[in-house]
Structures are given as structure tokens and as C-alpha cells.
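Work through these exercises with the sequence and the model side by side. Try each task before you read its solution.

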Amino acid sequence: MIVDLILLGLAVEAVSAASSSSSARGKPSGLALTYTCPASFPTGIFSSYYPVPSGQLLQPVLVDTIARTTYAKNLTSPTTIPTVNNVDPVFYQPSQNITTNYTTWNAAYNAILDLNRTSTADNCTKCQNSLVIAQQLAKRNGSAIPQLAIALCQAFKFKSNSSCVATYTGSNMGAAISQVLSFANLTNGLDAPYMCQTQLGFCSEPATQKLNLTKYVDPKVTKRKTAHKASGKRARALWFSDYHIDPRYQVGSEANCTSGLCCRAGNPNTASPNVSLSPASRWGAFACDVPLDFGVASLQAMAAIANKTHDLTIFTGDIVSHDQNPALSRDYVTYSEKLAYDLFAKYLGPAPLYAVESNHDTYPIAYDLARSAPGNLSEAQFGWNYRELSSLWKNHGWLDAKHAEQARTHYSAYSVKTKYNLRVIALNLNSWYTKTDLYNLYQMQDLDRLQQFSFLAQELAAAEKANERVWITGHEFPGWDGTASAKDQTNLLYALVERYSTTVAAVLTGHSHEDFFSIYYRNNGSDVSAAGALVPSITVPSITPLTNLNAGFRIMEFDTGSGDIYESWTWYSNVTMWSNSSAPVFQYEYSLREAYDPNNTWPSTAPLNASFYHRVTENMRRDPSLIDKFQRYQGKSSDLTGNCTSTACRNAKLCYMRSASSALSRNCTAGYGSVQGKGS
């Protein structure tokens, strides 16, 4: 209690000059609380469209940003979705002149089958030994690896025969598996255990690696001790995420399909394969991504509600629909990026928009290969996307030429000073997304293959020296329930945030489609107290309703001198109410300050910093109704969000909130992180 009072006193003193023009506690001033989207589509926003059947959504004709060629109609037609990518090149690593008995997939296949039949070792050891055989084939004859993977998948019945072929063909995962096997250290490192653990579940996850922070931080430089002084002047940031535009959305198709992405032609509910039980409206549905009509409507709503009072926009990634690799291509990704960023520029300007690369906004999904890989494999496979994104961000005036080039050469990462004493450092956090990115499964002792953390450390050191405050932005959240990100990299970020905790005001991410937060604490999370709370890690809700969520976005009010956030307001649109005859309505959902400080004990002049969030968790421990409120907001007030009434669920949520890295959150009880299924 004494510590809390001291912190409150310091917070009040630090912001005693707060501007009287800032919004009062609760509902925002000067912003609309409700907005009904126009029922008609604004056809003038694109110069031309491809012909479509009556009742279907328009298909804009777009020109590629780099190649200056027109995208073909069938690229986004709902009725011509490919089942394999036969368009884009497939790359394999250069052949190595090694001595091996395994120069064909058959030879390696038979050796692996024999090993697994005769060995008395456990599955983890068998898996690692099998990788050593496959690696010899990968080094000598890399293009044979896809067929080996398909044959092994079928022999061990990991999937159905057809799914094995679709998954491990060269244009899907096969070529990446071949490259990673070739690059990996399978004999005395962490690569083999992690491969067998993440991909097949045969090994236990290795322990979190010990950090050598001196690789990133100069120990001779003393950490800034004092807090940044507030200017007393406020600015606003519009923040949204996970747009997931679906150019292949088909009106009238099944909105409640049995599996996969719904609202797509040929993807029915198996209970009624020929007639849609829940016909997809032009606006979207709970199991679908965003059709063009709602994509535009959501931007119209953000523009109208913000009413040009926002001074900058944060977009934390994911533009492309939730297709699997066989249905994707480079052109589909760049078309989606071009479509979305052009719309963002049209509706959300003139304020600058700061975006990030994300797991869905590349091809194959979530893949990024370090430039240290042999040959020119990184540039050949992924350079097209870095050029595309940096060009779009530059062409729309959000980045100047210098920072666009920084993004192109840093895997889409960049660091830009706003017109305030606030720097935005945008990272490519695919670098820790081991769930899908196979390129994160080699050289596991190197925590910084994409050089995101050395870049971040460099920029934080410069910001500290220049007395700037920083928002770190990225897509995949670092902690919460431990499902999205690798332990070691998020542990490294934790150490960097702790070192620069007086410089970092907040870590802002998306990815989950849900609304939640975690807290960075002193001493790598061991000092869980108001005094030990350092920086909030905040995850914003999505525009897409996938899965079982409403659509939502946020507007924040921050101090122009300290970069601290003072208010955070969220709006949502109730998907249950959408229909062809009823346009979506966006309505005010909640104020963070008002919702989680209902008794008004946190001073109105104090920021919503880590100490505020810690106090929220303390209040939740005493008053479970606040967890009920949090649960509802996590799903954006969706009618399909379940309850969190059990002691196990409530304790797990509190644990996630206090664990801002996967290394920490994996110590929490698993299974309660998402509201997209049933509650408990």
C-alpha cells in the first residue's frame, strides 16, 4: 500500500501540467460513439472493376506496385481458387559434394524406416537420428526432400495421403524443409530437438537459453533513471490490426462451413453440401475473413469516428486472408497489400500510418529467411515482399526514402521519429514465430538471425541518448499464453525492454484477433509488484471477426512529451446484427481507464502505465467481476464469447497478464488464452 501511494504521488507530480483540453475520464470528447456504415459501396474509390455476377462483390482492377503490370481477374475470383501454386519459383540450396549413401529419396526413406523399425530408442531419439539421414540427402540432392517428406508422412500416417502431398510438396513446405535441414546443426545443437518438438511433438522443449545481453547492450552505458517529463499536451493515435481482406469472398456461400475458411465457394457445411445453411452476407460472418464491402465500411467508420483528430495511425499487421499456402502466391499477397494500403491511405489520412510485416503478409505463410543463408536464397525468395511493402509505405508518404530503404534492408523493420518526442520502432516478429516459420528452426543458438533485436537495441540506445520515448510495434505478441512465440527470442525482448524500461512506453502487437494485455516486470518477471511493473504489452482487437469475434479498433490519447498513454477507447461492430439488409454499426465499447478503475482510485492525471495495469490485476484478484468484464472485452463483446468463471480460468488469465514473454507464460496453466472457443 505504501509503495502504491508513493507511485501515485510520483505519477501525479510528473503530469501536473496536464492539458485541460484532454478528454475527461470515460467517454471520449469530440469522437462519435456510434456510426452506421453506408449501405451502398462507394464505387468511385477504384478506377475500374472486373465484371462479376449479379449480387457478388466488386473486383477492383489493380496494378502491381513494382512490376507495373495489371493483376489478372482469376487471381481473386471466388471460383478459381488454386489448390497448388504452380506459378512462383521454388528454390533449393546449392548441392554439396559430400560422401553419403543417401543420394535419392528412396535410399533415405528405406534407411529411416529401418532405423525406426529396429531401434529401441525413444521417439525423440529416433526422430533426431532420422533427421541426420534426411540432412545428408538435403545437402547432396535437396530437390528430393519433398518426395521423402511425402513418403514418410504417408508411411507414418501423420496425415491423409492427399494431405501429405499437399503439405510437403516443394511449393508448400517441402523446399523450406530441404533448406532448413541443409543449414541445421543436428549433432550437438538445439536444432534437432526443436524440430522434433515443434513439428512432430516427439521431444520435450529445450530449456530457455541463458542470455548474453552484452551482445546487444553496452554495459558501460548507464541506464536512464528518471522518468520522462510529460508535456501536458495530448495527441491521439488510431490503432487497428488484422484486417485480413478476402478478395475471394463469395456472397451466398456457406458462412458456417465444416472446416477451413468459410464464405468461400465450394466449402460447404457437410450437413448440407449443396445448399448454404447460413448464406454469407456481403458484410461477413464469424467464421470468415473480411469481404471488400466490410473492409471499406470499417475504414469509413474509423475515419468518421476519429474525425481527423488522430495524429498518427498504428497498424500491427495481417492483411492477407487466412488461406493456406497452396491457395496463395506472391501475386495474391501483393494484390492484397496493394488493395489494403491504398484503402488505408484514402480513408485514414492525412496522419501518417506506421505498419509492420506479419505472418500472413508474406509467402509462404510466416516465412522469412536470414540473409546469412548460403547463396542468394533470402533475397531470391523474400526480397520481393520487402520491396513491395517498403515501396507502398513510401509511396503513401508514411516513410521517407531513407526509412523505406531501412525497411527494405531490415526485413521490413524500421525506426522513425514522429513529430512528437515519440519514436516508433516497427519490428518483423516473424523472427520468433516457430509455430509456422520453419526458418526459425535452424541455428537455434542464434537468437537474432533476422537481426531484429540488434536493430532494436541499437535504436533504443539512440533513443535513450536523445531523450526520446519509444513505442515498439510488431505483429505476434510476445507472451500472453505462450502459444504464438518462441521462448528464447521473447526472453531476449524482455531483457531489452527491462534495460530500456524508462525509454519504452509500450509494446503494441496484434495477431490474436483479441483484446488483452501483459506486463513487463523488473528482474525478468520475478518482482511482481507495483514498484516492479515496468512496461505494458498491449494487444489490440482485430477488424476480421474470425473466429467467433466482433470487429473492433482503438483510439488512444498520449502525451506528446513522455509518450505515455492516458486514455484508450475501443469501438466494435456486432457481427450478429449483420445482414444484407442491415449495414454494420460501430459502437463505443469501453474506456480502459473507466472499465478497470471503476472506483476512480487512479488519478486522472496519471498515465495508463505498467503500474496501472498491475493495479488492474490486483483489483481482479479481489473482484472477479472485473475478470468477467475483461473476458467480454477480450472477444469484443461477441455474443459467442464464453464465460471465465472457474478458478482455473481466472488464475490462468491473471498469470498471462503478468507474463510478458513465452518463457514466462508457459509456466501458466494452458488452455485459457483465447475466447474464440468455449469459455470455462
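**Exercise 1. A strand and its two faces**

Which residues of strand β5 (residues 312-315) point one way, which point the other way, and are they buried or exposed?

Solution. The model is a predicted one.
Step 1: Sort the side chains. Leu312 and Ile314 point one way from β5, and Thr313 and Phe315 point the other way.
Step 2: Recall the rule. In a regular strand, side chains alternate between the two faces of the sheet.
Step 3: Check the burial. All of these β5 residues are buried.

**Exercise 2. The neighbours of β5**

Find the strands that pair with β5, and trace the chain between them.

Solution.
Step 1: Take strand β4 (residues 234-240). It pairs with β5 in the parallel sense, over four bridges. Opposite Thr313 of β5 stands Leu238.
Step 2: Follow the chain from β4 to β5. The path runs through helix α8 (residues 292-306), and this β-α-β crossover is right-handed.
Step 3: Take strand β6 (residues 353-355). β5 and β6 are also parallel, with three bridges. Ile314 has Tyr354 of β6 as its bridge partner.
Step 4: Follow the chain from β5 to β6. This time α9 lies on the way, and the β-α-β crossover is right-handed.

**Exercise 3. The largest core**

Which residues touch the most other members of the largest nonpolar core?

Solution.
Step 1: Identify them. They are Tyr341, Phe344 and Trp471, in a core of 148 residues.
Step 2: Find the main contributor. Helix α9 (residues 330-348) gives the most to this core, with 10 residues.
Step 3: Look around Phe344. Beyond four places in sequence, its contacts include Phe240, Phe315, Leu353 and Trp398.
Step 4: Look for another core. A second, separate one has 52 residues, among them Leu152, Tyr194, Phe382 and Leu438.
Step 5: Relate this to a general trend. In soluble globular proteins, nonpolar side chains tend to be buried together.

**Exercise 4. Two helices**

Compare the span of each helix, α2 and α3, with its expected value, then find what covers its buried residues.

Solution.
Step 1: Start with α3 (residues 123-140). Its 18 residues reach 26 Å from first C-alpha to last, close to the 26 Å expected.
Step 2: List some buried residues of α3. Leu131, Ile133, Ala134 and Leu137 are among them, as are Lys126 and Gln128. Their cover includes α2 (105-118), α4 (145-155), α6 (170-183) and α7 (191-200).
Step 3: Turn to α2. Its 14 residues reach 20 Å, close to the 20 Å expected.
Step 4: Name the buried residues of α2. They are Ala108, Tyr109, Ala111, Ile112, Leu113 and Leu115. What covers them includes α3 and α4.

**Exercise 5. Two polar residues**

Why does Gln300 count as buried? Why does Asn430 count as buried?

Solution.
Step 1: Gln300 counts as buried because its relative accessibility is 13%, and the cut-off is under 20%.
Step 2: Place Gln300. It sits in helix α8. Beyond four places in sequence, it contacts Tyr35, Pro38, Pro42 and Tyr347.
Step 3: Asn430 counts as buried because its relative accessibility is 0%.
Step 4: Place Asn430. It lies in the loop between β8 (422-426) and α12 (452-465). Its contacts beyond four places include Glu357, Asp368, Asp437 and Glu476.

**Exercise 6. Confidence**

Where does pLDDT stay under 50?

Solution.
Step 1: Begin with the whole chain. The average pLDDT is 94, and 96% of the residues score at least 70.
Step 2: Locate the stretch. pLDDT stays under 50 over residues 1-21.

Conventions: Residues are numbered from 1 along each chain as its sequence is written. This is a predicted model: local features need pLDDT of at least 70, side-chain atom pairs count only at pLDDT 80 or more; totals for chains, interfaces and linings use all residues. Side-chain values use heavy atoms; hydrogens and water are left out. pLDDT is the predictor's confidence in each residue, from 0 to 100. Contact means heavy atoms within 4.5 Å. A nonpolar core is a set of buried Ala, Val, Leu, Ile, Met, Phe, Trp, Tyr and Cys residues joined through side-chain atoms within 4.5 Å. Buried means under 20% relative accessible area, exposed over 50%, partly exposed in between (1.4 Å probe, protein chains only). Helices (H or I, at least four residues) and strands (E, at least two) are DSSP runs, numbered from the N terminus. The expected span of a helix is 1.5 Å times one less than its number of residues. Two strands pair if DSSP finds at least two bridges between them. A crossover is right-handed if, with the strands pointing away from the viewer, the path from the first strand over the helix to the second runs clockwise.
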